[in-house]
Amino acid sequence: MHLHKYEKWWLVFGTGTLIAFLVILGIGAFHSGSHPNDTKWTIDYERVDDIAPFNNPGVHKVEGKDWDYEVVLVASAFNYNPMEIELPLDAKVKFIATTKDVIHGFQVAGTNINMMLEPGYVSEYTTVVNKTGEYLVVCNEYCGTGHAFMYSTLKVVD
Ligand code: CUA
């Protein structure tokens with residue numbers, strides 16, 4: 001079988017990405033001592049603004065939980081609420097997100113934070129932000145004409 005240079009590159013890239021993903025997953029599972037959380041609760045997506053915690057989007061410090069911060073996020077065509085998230089370095093944070101209309105993504109470039117937000121469901125992801133910087137948050141699910149302009153920022157500060 002003959003492979004073009006381009007195809008070979010993608011093969012290497014794909015395999016590399018997969019290995020990196022598995023390593024990150026393995027480390028993540030080891031550190032938190034738990035399984036990846038993919039449980040989802042349901043929500044009436046037409047009433048998201050009235051339902052806790054989504055009636056109060058933003059970054060909230062919490063006490064007495066296994067994590068220190070909760071980031072409550074509402075996605076809609078074509079933006080995120082909040083537009084900007086700021087977290088302290090090494091914070092253990094739980095992202096709690098949903099959408100008010102169609103499927104959106106919430107991917108933080110350069111991290112392992114990548115959630116799919118489906119109407120009628122709440123997505124959760126707990127992680128530790130262990131690198132300072134300003135990260136671009138992008139929507140990686142095609143959601144309509146404004147899809148390419150749907151983004152926000154995550155700042156991790158020391
Ligand atoms: Cu929202 Cu693509």
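The exercises below concern a predicted model, and each is followed by a worked solution.

**Exercise 1. Confidence**

Find the average pLDDT of the protein and the share of residues that score at least 70.

Solution. Start with the whole protein: the average pLDDT is 88. Next take the share: 78% of the residues score at least 70. Then look at residues 30-37, where the pLDDT is below 50. In the model this stretch has 3 contacts beyond near neighbours in sequence.

**Exercise 2. Unusual backbone geometry**

Determine which peptide bond before Phe78 and which before Pro82 is cis or trans, and give the sign of phi at Asp90.

Solution. Begin with the general expectation: most peptide bonds are trans, and most residues other than glycine have a negative phi.

- Step 1. The bond from Ala77 to Phe78 has omega near 0 degrees and is cis. Phe78 sits in the loop between strand E3 (69-76) and strand E4 (79-81).
- Step 2. The bond from Asn81 to Pro82 has omega near 5 degrees and is also cis. Pro82 belongs to the loop between E4 and strand E5 (84-88).
- Step 3. Asp90 has a phi near 70 degrees, which is positive although the residue is not glycine. Asp90 lies in the loop between E5 and strand E6 (91-99).

**Exercise 3. The pairing of E11**

State whether E11 runs parallel or antiparallel to E5 and to E10, then find the partners of Lys155.

Solution.

- Step 1. E5 and strand E11 (residues 151-157) are parallel and are joined by 5 bridges.
- Step 2. Strand E10 (residues 133-138) pairs with E11 over 6 bridges, in the antiparallel sense.
- Step 3. Glu86 has Lys155 of E11 as its bridge partner.
- Step 4. Lys155 in E11 also stands opposite Glu134. Lys155 is thus named in a pair with Glu86 and in a pair with Glu134.

**Exercise 4. The setting of Ser123**

Decide whether Ser123 is buried or exposed, and find the backbone oxygen that lies 2.8 Å from a polar atom of its side chain.

Solution.

- Step 1. Locate the residue: Ser123 is in strand E9 (residues 121-129).
- Step 2. The relative accessible area of Ser123 is 5%. The cut-off for buried is under 20%, so Ser123 is buried.
- Step 3. The backbone oxygen in question is that of Met116, 2.8 Å from a polar atom of the Ser123 side chain.
- Step 4. Leaving out residues up to four places away in sequence, Ser123 touches Lys40, Phe95, Ile96, Ala97, Met115, Met116 and Leu117.

Definitions and conventions. Residues are numbered from 1 along each chain as its sequence is written. This is a predicted model: local features need pLDDT of at least 70, side-chain atom pairs count only at pLDDT 80 or more; totals for chains, interfaces and linings use all residues. Side-chain values use heavy atoms; hydrogens and water are left out. Helices (H or I, at least four residues) and strands (E, at least two) are DSSP runs, numbered from the N terminus. Two strands pair if DSSP finds at least two bridges between them. Buried means under 20% relative accessible area, exposed over 50%, partly exposed in between (1.4 Å probe, protein chains only). A polar contact is a pair of N or O atoms within 3.5 Å; within protein, one must be able to donate a hydrogen and the other to accept it, and residues adjacent in sequence count only if both atoms are side-chain atoms. Contact means heavy atoms within 4.5 Å. pLDDT is the predictor's confidence in each residue, from 0 to 100.
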